[in-house]
Amino acid sequence: MAAAQVKMAEPQTSAPAKHRALGLSDEQAREMYWLMLLSRRLDERMWILHRQHEVAFHISGIGHEAAQVGAAYALKRGHDWLHPYYRDIAMTLTLGMTPRDLMLGLFGKAGDPSSGAKQMPEHFAFRASKIVSSSSPVATQIPQASGIAFAIKYKGTDEVVVTCFGEGSTAQGDFHEGLNWAGIHKLPVIFYCQNNQYAISVPQEKEMAVKNVADYAASYGMPGVIVDGNDALECFRALRAAVARARRGEGPTLVEAKTYRPVPHSSDDDDRTYRSRAEVEEWKKRDPVLLMKKYLEGAGLLDEANAQAYDARAKQMVDDANEFAKNAPYPPGEDAIKGVWGALPKL
Ligand SMILES: Cc1ncc(C[n+]2csc(CCOP(=O)(O)OP(=O)(O)O)c2C)c(N)n1
Ligand SMILES: [Mg+2]
């Protein structure tokens, strides 16, 4: 099965009926934009907080907002599972985490729902939305997601699992083992690669010998789909189809969203050492938040006054989350052993 080729869209001109043809209401299309914008503003603040030495580390989802909001829209919140990776800020916001939740994690304060401030920032987890905590070694979430999908199949429910990772992570054995297992057992899991073309400083051609991550799907007996990762509606379309296939019991899908990371890999990276400013500027023309805004304007669903109101509301929520987390207490020292070894019998 060869990967389906999808043409990368030019900066989007209006296609007003596209979201309705996908079964999305005008309100839902606007909400997708809102979540992308909120994620962007929150993420920008997190960078600033790092540069002000308020927090120790940040790893960003900037540029991935369309890929994430589009995909999260295809899931039933609280019913389906997400085994995320560290860029999934917009995905976790869409599935019900709040800016306060995410800021508590960034500051490492008490009440951080991801890990009670034990993990590094952006190691998301949120029990109410079935968002599973991941480890730092990349790709470990992939076979674990297949394991969850195996349990779902064993229990006979109609839940599905989405797991996210970058294209560099496909160089790990875990990726291949996870897909192989899911392919053999026709498990209800979607492998969602957010291909931003780099693994820190390593470009894609030094990560893999094939052109597309989706090309690997054929080896594991599942469809491989390529989608424009800067187009939220296209990502929704691809994930919705993959989720429906998984729910029907037909097995896994590998979806590759082609996108770009216009910021450094993390707060501790200087991307000027491995890529040109011209390349970054070229991709900024296809900024997913701007593309979605243009789409809504073309569809007559957003004007300048609405857009400014959205921005003001996002800033207010980010300010609130920032203050809330900054002023929150650190967890007491004894919490370090809670939820880790605490449940084990004393030796
Ligand atoms: C097994 C392992 N090797 C190396 C690292 C260090 N590391 C953290 S993120 C990363 C890049 C991963 O690239 P990709 O999978 O493309 O995701 P992206 O960060 O580009 O979204 C690396 C090498 C790690 N966390 N785990
Ligand atoms: Mg990458």
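1. How many bridges join β2 to strand β3, and in which direction do the two strands run? In this predicted model, 6 bridges join β2 to β3 (residues 189-195), and the two strands run parallel. Within this pairing, Val161 stands opposite Val189 of β3. The connection between the two strands passes through helix α7 (residues 173-185), and the resulting β-α-β crossover is right-handed.

2. Strand β2 is also joined to β1 (residues 81-83), here by 3 bridges and again in parallel, with Leu82 standing opposite Val162 of β2.

3. Why can β2 be described as largely enclosed by the rest of the structure? The strand spans residues 161-166, and 6 of these 6 residues are buried, so the description follows from the burial of its residues. In a regular strand the side chains alternate between the two faces of the sheet. Here Val161, Thr163 and Phe165 point one way from β2, while Val162, Cys164 and Gly166 point the other way, and the residues of both sets are buried.

4. As for the ligand site, 16 residues surround ligand 1, and the closest are Tyr86, Arg87, Gly168, Ser169 and Tyr198. By class, this shell comprises 7 nonpolar, 7 polar and 2 charged residues.

5. Polar atoms of the protein approach ligand 1 from both backbone and side chain: a backbone N or O atom of Gly168 lies 2.8 Å from an oxygen atom of the ligand, and a polar side-chain atom of Glu167 lies 3.1 Å from a ligand oxygen atom. A polar backbone atom of Ser136 is 3.0 Å from a nitrogen atom of ligand 1. Of the 580 Å² of accessible area that ligand 1 has on its own, the protein covers 74%.

Definitions and conventions: Residues numbered from 1 in each chain as written. Chains lettered and ligands numbered in written order. Predicted model: local features only at pLDDT ≥ 70, side-chain atom pairs only at ≥ 80, totals over all residues. Heavy atoms only, no water. Near = heavy atom within 4 Å. Polar contact = N/O pair within 3.5 Å; in protein donor to acceptor, adjacent residues only side chain to side chain. Areas by Shrake-Rupley, 256 points an atom, 1.4 Å probe, with all protein chains shown as cover. Nonpolar A, V, L, I, M, F, W, Y, C, P; charged D, E, K, R; others polar. Buried < 20%, exposed > 50% of the residue type's maximum accessible area, 1.4 Å probe, protein only. Helix = DSSP H or I, 4+ residues; strand = E, 2+ residues; numbered from the N terminus. Pairing = 2+ DSSP bridges. Right-handed = clockwise from strand over helix to strand, strands pointing away.
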